[in-house]
Amino acid sequence: MSTRAAEKSVLIVEVDHRRACALDVQRILTDFGCIIRTRLGIHDGVLDKCSDRGLLVLEIQGPRSERMKLQKELGSLRGVESKAVVLPLSR
């Protein structure tokens with residue numbers, strides 16, 4: 001069952017060890033690229049003061065089972081936590 005048009009499904013992901021697990025996170029996001037509609041990555045600092053902590057906001061679509069699988073795979077990585085949010089939209 002896919003997300004209804006009157007709602008948005010968002011997955012908020014916190015990455016605690018960004019440098020150590022960036023490649024694994026990227027691989028998972030690539031594997032699930034067909035259900036990721038929008039991706040925003042945020043981390044504090046720049047250049048030599050770059051933070052090792054990051055936040056991803058993903059707008060995801062498609063079957064609930066695929067969305068849950070994405071969340072589970074990201075959550076299997078050390079230092080990665082996520083929260084799924086479904087936002088009802090007014091028409």
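Buried, on this tour, means under 20% relative accessible area, exposed means over 50%, and partly exposed is in between. Keep those cut-offs in mind as you click through this predicted model.

**Stop 1: E59 and R37**

Start by selecting E59. At 18% relative accessibility, E59 falls under the 20% cut-off and therefore counts as buried. Now add R37 to the selection: the two side chains form a salt bridge, with 3.6 Å between the closest N and O atoms. E59 sits in strand 3 and R37 in strand 2, so this contact ties together parts that are 22 residues apart in sequence. The partners differ in their surroundings, as R37 is exposed, with a relative accessible area of 53%, whereas E59 is buried.

Which residue joins R37 and E59 in a network of salt bridges? Select K8 to see: K8, R37 and E59 are linked in one such network.

**Stop 2: R53 and E14**

Next, pick R53 and E14, whose side chains meet in a salt bridge at 3.3 Å, N to O. This pair links distant parts of the chain, 39 residues apart. To find R53, go to the loop between strand 2 (36-43) and strand 3 (54-60); to find E14, look in strand 1 (residues 7-15). Are the two ends buried or exposed, or in between? R53 is partly exposed, with a relative accessible area of 43%, and E14 is partly exposed too, at 32%.

**Stop 3: along helix 1**

Move on to helix 1, residues 18-31. Select R27 and D31 there, and you will find a salt bridge whose closest N and O atoms are 3.4 Å apart. Because R27 and D31 are four residues apart in the helix, about one helical turn separates them. R27 counts as partly exposed at 41% relative accessibility. D31, with a relative accessible area of 51%, is over the 50% cut-off and so is exposed.

If you would like to keep hunting for contacts of this kind, a search of the whole structure finds five salt bridges; among them are R53 with E14, R27 with D31 and E59 with R37.

**Stop 4: a nonpolar patch**

Finish with a change of chemistry. Show the surface and select I12, L40, I42 and L55, which together make a nonpolar surface patch of about 300 Å². Then center on L55, placed in strand 3, the strand that also holds E59 from your opening stop. How accessible is L55? Its relative accessibility is 33%, so L55 counts as partly exposed.

Conventions. Residues are numbered from 1 along each chain as its sequence is written. This is a predicted model: local features need pLDDT of at least 70, side-chain atom pairs count only at pLDDT 80 or more; totals for chains, interfaces and linings use all residues. Side-chain values use heavy atoms; hydrogens and water are left out. A salt bridge is a side-chain nitrogen of Lys or Arg within 4 Å of a carboxyl oxygen of Asp or Glu. Helices (H or I, at least four residues) and strands (E, at least two) are DSSP runs, numbered from the N terminus. Buried means under 20% relative accessible area, exposed over 50%, partly exposed in between (1.4 Å probe, protein chains only). Patches are made of residues with over 30% relative accessible area and no salt bridge: like charges are joined within 9 Å, nonpolar side chains (Val, Leu, Ile, Met, Phe, Trp, Tyr) within 5 Å. Accessible areas come from the Shrake-Rupley method with a 1.4 Å probe; for residues, only the protein chains shown count as cover.
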